[in-house]
Protein chains: 2
Amino acid sequence: MTTSAPAATGPHVLRQINVTAVLTALRQADGATARLTDLVTSTGLSRPAVTRALADLRDADLVELVADETTRIGRPAQRARFRAELGHVAGVDVGPHKILIKIADLAGKILTTHRIATPPGATGPDVFDLVSTALDQAVTASDLTHADLWAVCVGTPGIVDRDHGEVLLAPSIPGWAGLPVVPQLRDQLHCPVLIDNDVNLAVLAERWRGTAIGVESLVFVQWGERIGTGLIIDGAPYRGAHAAAGELGFLDLGLPPNDPTGRPAANEGTGPFERLVGAAAIHELAVAMTAGGRDPGLHAQLTRPGDRDITGLFTAAAAGNPTAAAVIDRVAARFAQGLSALILLLDPEQVVIGGGLSLAGETLLEPIRRHLAGRTLSATSLRASSLGEDAVALGAVRHALDATADRLTTSP
Amino acid sequence: MTTSAPAATGPHVLRQINVTAVLTALRQADGATARLTDLVTSTGLSRPAVTRALADLRDADLVELVADETTRIGRPAQRARFRAELGHVAGVDVGPHKILIKIADLAGKILTTHRIATPPGATGPDVFDLVSTALDQAVTASDLTHADLWAVCVGTPGIVDRDHGEVLLAPSIPGWAGLPVVPQLRDQLHCPVLIDNDVNLAVLAERWRGTAIGVESLVFVQWGERIGTGLIIDGAPYRGAHAAAGELGFLDLGLPPNDPTGRPAANEGTGPFERLVGAAAIHELAVAMTAGGRDPGLHAQLTRPGDRDITGLFTAAAAGNPTAAAVIDRVAARFAQGLSALILLLDPEQVVIGGGLSLAGETLLEPIRRHLAGRTLSATSLRASSLGEDAVALGAVRHALDATADRLTTSP
């Protein structure tokens, strides 16, 4: 028996903790360069500890010291620069209609955004082949090779077993669930491959570079044909005890007493709230409320064969069309009822609306706020996503970057 | 500039971290005694580190070494015993009908439980005087003096500003909100005084010594006249961005389409879901459904002047009365609709029902589980509280004990 420091918590562990803290601060710094003073402030460590950590990081080739060109007097001070070009990550958004890939360096600078439309009728294996090819194209377009990728994260709709890297259920992409997506991509790319639910990644992006930077309790609502949410609670992603938290789409509110339209019939796999305010339900409501000569022009537009696009509805409302405004008010009232349940139970600091419906912006958000008033007890802010269709791929980049932290700090 | 270890993270900090870890493990140990081997296992520290931490703790008089009487062979091994008698805490439950105080030692052993009924019509200042006197009585009954109290925690209904120790709103105790409860008790007792919402404390008790020991994601639903919830998410209390999370009582579900009874009129300060399934609403529903000769006996019992007790309803249902069972089924259907929203959004591992309605036990829980089926996507377990009216005071003890941790570990 010795009296030396315990194996798990010796001085070398402390030194490693400091190195990790400095590296993390440096990666988060603007442009991934920082002065010694900035790092002392952002890490809370002493100047000598930061200096020593920077020396360790330089020895490991992770950091270089560059002249600070903003120095006005005397010889230039030095800035530490994280060598973000040492590695790269890919974020992949696999959706029913498109595949969107972003390649970033280790500081999160996006080098390439590559988008391909998924042909109608594409099945799971077709989609996998498209993802595989598109990844190669995006890597090449970034002047990189597979060996430069340190991690890849795939976002997908449906229910995901993150631990086993499996898509368990994905009704919107037939034949996608159950494919060995993660092991096959790992074989192709020879790097860690992660997979997560698309909305769980979108909420990371909103907090990183979207409309909710630094917000500690945050809900991202993906609003299109389906309705899903991603949750951040006290700064950490929350997925629930059975990975089923945030299932707003399955809320059953009954019908509001003052809402005369019947509830749409149940569809396989959709929830009651999706059937009440999803894009298809909005289209159906708009067709019903413009019929009977109440708005022939808008009605004709909404009932064009083979076209269930509802953007015309929002354009008309924004231009002052009262029937369109009445439809949107009804939709907003329904949505506010479900959203008020979420706000009453979770009390988030902010709710960000993403997905196709978020493109309507204030035309839709203003009446929702109006209908929320009196239904909630706290002042949760409601905003539209500013990331558009980039949110999932960008969140996948963020998640992949987090996964590279270990590789960076186990070597020095 | 020196090259010594930084001030914030030197070896003495490590040593302090180990002391804290050992002390925490020892306080959580059964009977607050443990063998060296147990502490090595529970802390993950090395044997020498635990030995050294125990020596530090003995030097600070926080721990003593006692012979282990379970040793079968050779000389007795030693057990470390946390000197839980060094200090004490009080947990105080201030409700509209009673004040319940528990005094515990530093290992959480309850020495005294003191309960006094609040006289009808008592106002806030009356209640404060009762709390003040009852605390003195409980301390005396425990053979202690004020100086033995290291911390006191008060649980109260309503909305609490924990940081400023103020009750902002408490409709159930007239004149209670706004009183300087915390500063006055601090002056009286000369120790830290904490205050929190009653359900936020009850959920701590359920996780500590109730029906949800160690559960990481947990909802406690207080179900009586009012409906409130306390949330634990990923092991930590969650109160929301504006201290307004878990407001199940304010959910507005509209009326279930198959539920013919009208919604009770709005009361000042109550929420729609409380008005639908709170104790008063259940009484009203039971009176309506037993009227018109459908169950004269139960109807007479429910409409006795000055008595709105509904325990007879549950007794009758448990004895096979079909009308009583039909009332409870209707209540369960309504409650399940609200609870399903909570489960869909939060996906907790377990929901514990407390408050007056929980006394109905399986007579109420079984039909709720039946109505939940098909409304939720995950297998959340639903149980009645086993702590009865002790939950809030016990949770207050737990919270006060947590507040003593600093005092214990800053000295050695």
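## A walk through chains A and B

Start with chain A, coloured by domain: the assignment splits the chain into domain 1 (7–82), domain 2 (87–204 + 391–410) and domain 3 (213–386). Keep in mind that you're looking at a predicted model.

**Stop 1: where domains 1 and 2 of chain A meet**

Show domain 1 and domain 2 of chain A together. Their C-alpha centres are 31 Å apart. The contact involves 7 residues from domain 1 of chain A and 4 residues from domain 2 of chain A. Which helix gives the most to the domain 1 side? Select residues 11–28 of chain A: that's helix H1, which supplies 4 residues to the side touching domain 2 of chain A. Sorted by class, this side of domain 1 of chain A holds 5 nonpolar, 1 polar and 1 charged residues.

**Stop 2: a crossover in chain A**

Next, pick strand S14 (residues 350–354) and strand S15 (residues 381–384) of chain A. These two pair in the parallel sense, with 4 bridges between them. To find one of the pairings, click Gln350(A), whose bridge partner in S15(A) is Ser381(A). Now trace the chain from S14(A) to S15(A): the path goes through helix H12 (residues 362–372) of chain A, and the resulting β-α-β crossover is right-handed.

**Stop 3: the five-stranded sheet in chain B**

Hop over to chain B and switch to cartoon. There you'll find an open sheet of 5 strands, ordered S6-S5-S4-S7-S10, with mixed pairing. Which strands stand at the edges? Select 110–117 and 193–197 of chain B: strand S6 and strand S10 each have a single partner strand, so one side of each lacks a neighbour in the sheet. From one strand to the next, the twist averages 15°.

Zoom in on strand S4 (residues 88–94) and strand S7 (residues 149–156) of chain B. They run parallel and are joined by 6 bridges. Ala90(B) is a handy landmark here, since this residue stands opposite Val152(B) in S7(B).

Now bring in two helices. Helix H5 (residues 181–189) of chain B packs on the sheet and touches S7 and S10 of chain B, its direction making about 150° with that of S10(B). Helix H6 (residues 198–209) of chain B lies across S4, S7 and S10 of chain B, at about 95° to S10(B).

**Stop 4: Leu26(B) and its surroundings**

Select Leu26(B), which sits in helix H1 (residues 11–28) of chain B. Is this residue buried or exposed? Leu26(B) counts as buried because it has 26 C-beta neighbours inside 10 Å, and 20 or more is the cut-off for that label. Beyond its neighbours within four places in sequence, show its contacts as sticks: Ala32(B), Ala34(B), Leu39(B), Val63(B), Ala80(B) and Phe82(B). For a distance check, try Ala60(B): it is 34 residues from Leu26(B) along the chain, and their C-alpha atoms are separated by 15 Å.

**Stop 5: two positive phi values in chain B**

Finish with a couple of backbone angles. Asp234(B) isn't a glycine, yet its phi is positive, at about 50°. You'll find Asp234(B) in the loop between strand S12 (227–233) and strand S13 (236–238) of chain B. With 15 C-beta neighbours inside 10 Å, Asp234(B) counts as partly exposed.

Then jump to Ala243(B), another residue other than glycine, with a positive phi near 55°. Ala243(B) belongs to the loop between S13 and helix H7 (272–277) of chain B. Ala243(B) is partly exposed as well, with 17 other C-beta atoms within 10 Å.

How values were computed
Residues are numbered from 1 along each chain as its sequence is written. Chains are lettered from A and ligands numbered from 1 in the order in which they are written. This is a predicted model: local features need pLDDT of at least 70, side-chain atom pairs count only at pLDDT 80 or more; totals for chains, interfaces and linings use all residues. A residue is buried if 20 or more other C-beta atoms lie within 10 Å of its own, exposed if 12 or fewer, and partly exposed in between; C-beta atoms are placed from the backbone. Two strands pair if DSSP finds at least two bridges between them. Axes are lines fitted to C-alpha atoms, for helices over the stretch in contact, and angles run from 0 to 180 degrees between N-to-C directions. Domain bounds come from an automatic or database domain assignment. Ala, Val, Leu, Ile, Met, Phe, Trp, Tyr, Cys and Pro count as nonpolar, Asp, Glu, Lys and Arg as charged, and the others, Gly among them, as polar. A crossover is right-handed if, with the strands pointing away from the viewer, the path from the first strand over the helix to the second runs clockwise.
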